[in-house]
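Subject: Structure for you, with notes

Hi,

Here is the structure I promised to pass on. Have a look at it first, and then read my notes below.

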Amino acid sequence: LTLVPEIALTPQLADRFRSRLGPGVGIFHSGFTNAQRIYGRSRVMSGDIKVVIAARSGIFLPMQDLGLIIVDEEHDTSYKQADGCPYNARDMALIRAKMQEATVILGSATPSFETYMNAKKGKFRKLDLPIRTHGGGLPKVELIDLKQHKLAKTSLLTGPTLQAIEETLKRKEQVLIFLNRRGFDTFVLCRSCGHVFKCPNCDISLTHHKSAKDLRCHFCGYSQESPPLCPICGSEKIFFGGIGVQKIEEDLATLFPEAVIERLDRDSTHRREDLEDILDRFRDKKIDILTGTQMLVKGHDFPGISLVVALCGDASLHFPDFRSGERTFQMLTQVAGRTGRGADTGKVIVQTFDPEHEAIQCASTHDYETFFDYDSRLRSELLYPPYGHLILIRIDGVNEKRVESKAVKIAAAARGIAGDSRRVFILGPAPAPRKKLVGKHRWQVLLKGADRRDVRSLVAELEAAGHLKSRGVRISIDVDPMDLM
């Protein structure tokens, strides 16, 4: 069983497995219809399929004689199921392998801190791959300080970046451009009264999609027509701000009219066939410049890429999450790894407002261990993973006052049970950074301790005393949360 974090990776991987192992290789993911999934499960149960490539839910497939589980890009947060019954497919792989006496391989060029710490402690066996499969070296990374370089009028493209793209195209080589922002404009407001167009169900700005002429919420799917007038004051002074990957695609088409330019994101790949078509054409060098979001950075192998550009390398750096530095380092290292897969090492350009930050500096030198040591010092002082253990209690509901009240009561009860022992720290109650999603107001209480048993026993006592039950609100318990937003 091979798990991958992104559906986009399954066709490429399946082709490689079949070329080595023959036809008994199956694919399983959420993009299939119910009938396809039922048929796939029956073939797995019967033993017709010996090798399965799957997304995170594949960990529950009924493989009878399981000998090996590979978790590719094990650090990826996509392995964590946050809704319904929270689970991490990477951790479930370890549990299932223990139950069925199988072997697990956790693979990553940027392992999660938890996995790396387990390897350092000897709990996992660490295997280093110091040489890339094609034998080439790691790509050179150039940092461009956005405080020093003037941006083009409407986009995030600087002069050095445009020059590098032009030179690459002249050599008939391919360019990959990464910006983790969907849409054309990332917010819309009225210049007369200041009204910002927000999703009525979520506490976030709507994103403008120019081709569809609408504004969309990327969390709940709400959409509305792009307005000619402000609904509050009736003004025509509607301002479209921020830059999404669709705007970058349009700017590139204007700047390089002879180049074939495509975009890879959720909006351009509604069907599985669209995704496979774009990837195949890029691999066959029928596309000169491929722009896209995080779908681009997860394990794809394109030997023709000689230039990779991360337009806003620090976009995720200052999120209110202790893992923001780790995720920025991982993202930049992974996107840099898309180039230099042929004979040449390739080149990477990272545009950033914070080039001196340790995460960006270490990513530019491909230095995982230095970054781990740096970020670990901060985490060990504050008892964040892998030095401490977390359980997130999230309270959500349609009535904001009721949600807040319940969160306050849970936090008070937790403090009462914990007493003065200082073995478990209770953080909150506080509104979640995304205070409202899909029509639900959200508050949270975070429990943190050095010993996992102490944190778990506190939750068990809260549950036994009835503090985690309530009418009109939903209370979810997320052990080892990956998303604190």
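What follows is what I found in it, going from the core to one helix, then the cysteines and two single residues.

Keep in mind that this is a predicted model.

Let me start with the core. The largest nonpolar core has 34 residues, and the members that touch the most others are L176, F178, L264, F329, L332 and V335. Two or more residues each come from α4 (113-120), β9 (174-178), α7 (272-283), β17 (305-310), α8 (324-336), β18 (347-352), α9 (358-364) and α10 (368-382). The largest share is that of α8, with 5 residues. If you want a place to zoom in, try L332: leaving out residues up to four places away in sequence, L332 is in contact with A310, G313, V350, I360 and A363. As a general point, nonpolar side chains in soluble globular proteins tend to be buried together.

Next, have a look at α12, which covers residues 452-464. With 13 residues at 1.5 Å a residue, α12 should span 18 Å, and its end C-alpha atoms are indeed 18 Å apart, so the two agree. Which residues of α12 are buried? They are D454, V455, L458, V459 and L462. These residues cover an arc of only 135° around the axis, so they sit on the same side of α12. That buried set packs against β19 (389-397), α11 (400-418), β20 (424-437), β21 (440-449) and β22 (474-479). On the face turned away from the buried side you will find the exposed residues R453 and A464.

Both ends of this helix are worth a click too. At the N-terminal end, D451 acts as a cap, with a side-chain oxygen 2.8 Å from the backbone nitrogen of R453. After α12 comes G466, which has a positive phi, near 80°.

Now the cysteines. How many disulfides are there? The count comes to 0 with a cut-off of 2.5 Å between sulfur atoms. For C190, the closest cysteine sulfur is in C233 at 3.6 Å, which is too far for a bond. C190 is buried, at a relative accessible area of 1%. C202 is in no disulfide either: the nearest cysteine sulfur belongs to C217 and is 3.8 Å away. C202 also counts as buried, at 2% relative accessibility.

Two charged residues caught my eye as well. Is K80 buried or exposed? Its relative accessibility is 9%, and because the cut-off for buried is under 20%, K80 counts as buried. K80 is in strand β5 (residues 80-81), and a polar atom of the K80 side chain lies 3.1 Å from the backbone oxygen of D480. Beyond residues up to four places away in sequence, K80 touches R56, P86, Y87, N88, D478, V479, D480, P481 and M482.

The other one is D267, in the loop between β15 (261-264) and α7. D267 counts as buried, at 11% relative accessibility. D267 and R182 are 85 residues apart in sequence, yet their C-alpha atoms are 7.9 Å apart in space. Again leaving out residues up to four places away in sequence, the contacts of D267 are R182, G183, H209, R216 and Q246.

Over to you!

Definitions and conventions. Residues are numbered from 1 along each chain as its sequence is written. This is a predicted model: local features need pLDDT of at least 70, side-chain atom pairs count only at pLDDT 80 or more; totals for chains, interfaces and linings use all residues. Side-chain values use heavy atoms; hydrogens and water are left out. A nonpolar core is a set of buried Ala, Val, Leu, Ile, Met, Phe, Trp, Tyr and Cys residues joined through side-chain atoms within 4.5 Å. Buried means under 20% relative accessible area, exposed over 50%, partly exposed in between (1.4 Å probe, protein chains only). Helices (H or I, at least four residues) and strands (E, at least two) are DSSP runs, numbered from the N terminus. Contact means heavy atoms within 4.5 Å. The expected span of a helix is 1.5 Å times one less than its number of residues. The arc is that of the directions from the helix axis to the C-beta atoms. A polar contact is a pair of N or O atoms within 3.5 Å; within protein, one must be able to donate a hydrogen and the other to accept it, and residues adjacent in sequence count only if both atoms are side-chain atoms.
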